[in-house]
Amino acid sequence: QVQVVESGGGLVQPGGSLRLSCAAAGSIFRIHGMGWYRQVPGKQRELVATITIGGSTNYADPVKGRFTISRDNAKNTVYLQMNSLTPEDTAVYYCNVDTTTLGGRYLEVWGQGTLVTVSS
């Protein structure tokens with residue numbers, strides 16, 4: 001089994017910053033892609049950013065230039081640095097990890113989500 005745990009959400013004022021973390025643990029042989037998604041009530045979950053095992057990144061247009069995704073392969077952890085936050089960034093943020101387990105299984109694992117609220 002593989003579990004991922006997000007942290008770092010909370011309340012921040014417009015223009016502020018937050019850093020989300022997501023650590024994967026368990027029967028991990030290799031972690032492939034890692035990413036962040038977000039969802040607001042009544043809307044579909046949407047891509048925020050992804051990062052490959054080699055460090056190539058992809059960002060959704062609304063967050064380009066403001067958010068930065070990074071990963072620490074030694075710690076099986078992915079980060080999302082969020083700057084210049086606006087109320088439109090308010091959402092539950094979910095971590096997504098693609099892994100191969102020690103048993104050779106491919107697993108796509110989602111975290112339980114962390115709430116980010118941008119409000120004055």
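Arg66 is buried in this predicted model, at a relative accessible area of just 17%, which falls under the 20% cut-off. Its side chain meets that of Asp89 in a salt bridge, with 2.7 Å from N to O. That contact links distant parts of the chain: Asp89 sits in the loop between β8 and β9, Arg66 in the loop between β6 (57-59) and β7, and 23 residues separate them. Asp89 is buried too, with a relative accessible area of 1%.

Asp89 also has a salt bridge to Arg38, at 3.0 Å from N to O. Arg38 belongs to strand β4 (residues 28-39) while Asp89 is in the β8-β9 loop, so this pair ties together parts 51 residues apart in sequence. Arg38, buried at 6% relative accessible area, in turn meets Glu46 (2.8 Å, N to O). Glu46 counts as partly exposed because its relative accessibility is 38%. Put together, Arg38, Glu46, Arg66 and Asp89 form a network of salt bridges; the model's salt-bridge count comes to 4.

As for the strands, an open sheet is built from 4 of them in the order β1-β3-β8-β7, with antiparallel pairing. β1 (2-7) and β7 (67-72) are the edge strands, each pairing on one side only. Inside this sheet, 6 bridges join β3 (residues 18-26) to β8 (residues 77-82), and Ser21 stands opposite Tyr79 in β8.

Elsewhere, β9 (residues 91-101) and β10 run antiparallel and are joined by 5 bridges. Thr100 stands opposite Tyr106 in β10. Their hairpin has 4 residues between the strands, and Gly104 takes a positive phi near 90° there. Side chains alternate along β10 (residues 106-110): Leu107 and Val109 point to one face and are buried, whereas Tyr106, Glu108 and Trp110 point to the other and are not.

Technical notes:
Residues numbered from 1 in each chain as written. Predicted model: local features only at pLDDT ≥ 70, side-chain atom pairs only at ≥ 80, totals over all residues. Heavy atoms only, no water. Pairing = 2+ DSSP bridges. Helix = DSSP H or I, 4+ residues; strand = E, 2+ residues; numbered from the N terminus. Buried < 20%, exposed > 50% of the residue type's maximum accessible area, 1.4 Å probe, protein only.
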